[in-house]
Amino acid sequence: MSTLFTPLKLRSLQIPNRVWMSPMCMYSAAPTGPETGAPTDFHLTHLASRAAGGAGLVMAEATGVRPDGRISPWDLGLWNDRQQEAFARITQAIKAYGAVPAIQLAHAGRKASVDKPWLSDRYLSEAEGGWQTVAPSPEPYQGLPVPHELTVDEIQQLVRDFAASAKRALAAGFQVAEVHGAHGYLINSFLSPVSNHRTDAYGGSFENRIRFALEVVDAVRAVWPAELPVFFRTSATDWLTENPEDEREGWTGEDTVRLAKELTAHGVDLLDVSTGGMVRDAKIVAGPNYQVPFAAQAREAAGIPTAAIGLILEPAQAEEIVATGQADAVMLGRQLLREPSWAHRAAAELGEEPRWPEQYGYAVVRRSKSKKG
Ligand SMILES: Cc1cc2nc3c(=O)[nH]c(=O)nc-3n(C[C@H](O)[C@H](O)[C@H](O)COP(=O)(O)O)c2cc1C
């Protein structure tokens, strides 16, 4: 029996298998008007088809907790009734296929207000539908403008914004809320010494740099039911300290272990372990499983369940990651874009019965065995 297709229980939530869809921005929501930030038929198809394809958990992309928290003007958002209503249609569809609907709640901080990536990677001015970005310190991400340095009152408001969005996510039917603490976006930019130069309670020492992340987690936990899990996506390393040729001191795998212990104490149930995104010029050697050691390190040293991500492409590869205890689940991004039914193929290759929707199952399983084809 494969470990990949064993259910995972977190709090009272039973997740049917350990093949999960990683959050991926689609830059496809309306940028202005009454439908701003609301998921569309495209998002419904995009997410529901991966649930039909057998993923045990399907996570909606980075969703802005407020307008200036979106990465681009075309990102999803969750700050009003219309967006909540449109998300409810999506959670119903995901559940109808037996998968768990999850959402990544996000604020893009100093990396916000940019173009659709297939058009350019440049900042969009207010005249082009963009906005003033914010960050812990007035330190720009390379190629983007200087962000506004957040005041303590503004930080407190952001914490409330995350909680308000989480409340709406629950009302829309999501069963997992993930706090986006990775990839150089707002929470990550508080954590890392590369981007946080504050001298108040939110900067300086490790304890101060993780304060905002923990306050957001506490606020989300306070509105999220005790029987449902909260996840945190982290960039386990900035890929600076590990590089002997780079003099910059960044966030490291050891910092992630320390953070993971705190997150557990604050009610986080799973660490979703990514890396990078803090600086544009970090040297990252990406290959199959390249981020898995960080998930294994946090799981081992902090005792927190983890999800591993990054170039996980083959069923046997995914099975080995979970069967050897390096992570509790795998998240797939681009491979699920290429192959929405990857989980069904993986189940078959690992000797399990694929749980196709009945409309497909009788045809692909039985008919493929018959000579009639
Ligand atoms: C098109 C695209 C959009 C993405 N958007 C997000 C996002 O919204 N939130 C996030 O945490 N990561 C995002 N990522 C990163 C993925 O979730 C994933 O971690 C990364 O692609 C590595 O996994 P993979 O090799 O399986 O694709 C995105 C990646 C892609 C390719």
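Select leucine 263 and show its surroundings: leaving out residues up to four places away in sequence, leucine 263 touches Leu214, Val217, Phe232, Val268 and Leu271. The model on screen is a predicted one. Leucine 263 belongs to helix 7. Its relative accessible area is 0%, so leucine 263 counts as buried, the cut-off being under 20%. For a distance across the model, pick the C-alpha atoms of leucine 263 and arginine 345: the two residues are 82 apart in sequence and 35 Å apart in space.

**Next: glycine 267**

Move along the chain to glycine 267, in the loop between helix 7 and strand 10. Glycine 267 has a relative accessibility of 14% and therefore counts as buried. Setting aside neighbours within four places in sequence, the residues to display around glycine 267 are Arg11, Arg221 and Val230, with which it is in contact. Then draw a C-alpha to C-alpha line from glycine 267 to alanine 29; this line spans 32 Å, for a separation of 238 residues in sequence.

**Next: alanine 301**

Select helix 8, residues 292–302, and within it alanine 301. Is alanine 301 buried or partly exposed? Alanine 301 is partly exposed, because its relative accessibility is 39%, a value between the limits of 20% and 50%. Beyond the residues up to four places away in sequence, alanine 301 touches Val257 and Lys261. The C-alpha atom of alanine 301 is separated by 24 Å from that of valine 285, a residue 16 places away along the chain.

**Next: glutamine 291**

Glutamine 291 is in the loop between strand 10 (270–274) and helix 8. With a relative accessible area of 3%, glutamine 291 is buried. Which side chain makes a polar contact with the side chain of glutamine 291? Display threonine 275: the two side chains make that contact at 2.6 Å. Threonine 275 is also among the residues that glutamine 291 touches when those up to four places away in sequence are not counted; the others are Val273, Ser274, Ile309 and Gly310.

**Next: two residues with positive phi**

Most residues other than glycine have a negative phi. Two loop residues are worth a look on that point.

Select serine 113 and read its backbone torsions: phi is near 65°, a positive value in a residue that is not glycine. Serine 113 is in the loop that runs between strand 5 (100–106) and strand 6 (134–135). The relative accessible area of serine 113 is 0%, so this residue is buried.

Then go to tryptophan 239, also not a glycine, where phi is positive at about 60°. Tryptophan 239 is in the loop between strand 9 (230–235) and helix 7 (253–265). Its relative accessibility is 13%, and tryptophan 239 therefore counts as buried.

**Next: the ligand**

Select the ligand, which sits in the largest pocket. Expand the selection to its surroundings: 15 residues surround the ligand, and the closest are Ser22, Pro23, Gln104, Leu311 and Arg334.

Now list the polar pairs. At cysteine 25, a polar backbone atom is 2.8 Å from a nitrogen atom of the ligand. At alanine 62, a polar backbone atom is 3.1 Å from an oxygen atom of the ligand. At glutamine 104, an N or O atom in the side chain is 2.8 Å from a nitrogen atom of the ligand. How much of the ligand's accessible area does the protein cover? On its own the ligand has 600 Å² of accessible area, and the protein covers 82% of this.

**Last: histidine 180**

Keep alanine 62 and glutamine 104 in view and add histidine 180. Apart from neighbours within four places in sequence, histidine 180 is in contact with Ala62, Gln104, Leu105, Ala106, Tyr185, Ile187 and Arg233. Alanine 62 and glutamine 104 thus appear in the contact list of histidine 180 as well as in polar pairs with the ligand, alanine 62 through its backbone and glutamine 104 through its side chain.

Histidine 180 lies in strand 8, residues 176–181. Its relative accessible area is 4%, so histidine 180 is buried. To finish, pick the backbone nitrogen of alanine 182: a polar atom in the side chain of histidine 180 lies 3.3 Å from it.

Note on methods. Residues are numbered from 1 along each chain as its sequence is written. This is a predicted model: local features need pLDDT of at least 70, side-chain atom pairs count only at pLDDT 80 or more; totals for chains, interfaces and linings use all residues. Side-chain values use heavy atoms; hydrogens and water are left out. Helices (H or I, at least four residues) and strands (E, at least two) are DSSP runs, numbered from the N terminus. Buried means under 20% relative accessible area, exposed over 50%, partly exposed in between (1.4 Å probe, protein chains only). A polar contact is a pair of N or O atoms within 3.5 Å; within protein, one must be able to donate a hydrogen and the other to accept it, and residues adjacent in sequence count only if both atoms are side-chain atoms. Contact means heavy atoms within 4.5 Å. A residue is near a molecule or strand if one of its heavy atoms lies within 4 Å of it. Accessible areas come from the Shrake-Rupley method with a 1.4 Å probe; for residues, only the protein chains shown count as cover. On a 1 Å grid over the protein atoms alone, a cavity is a set of points where a 1.4 Å probe fits but cannot get out, and a pocket is an open set with protein on both sides within 12 Å along at least five of seven lines; lining residues have an atom within 4 Å of a point. A molecule sits in a cavity or pocket if more than half of its atoms lie within 2 Å of its grid points.
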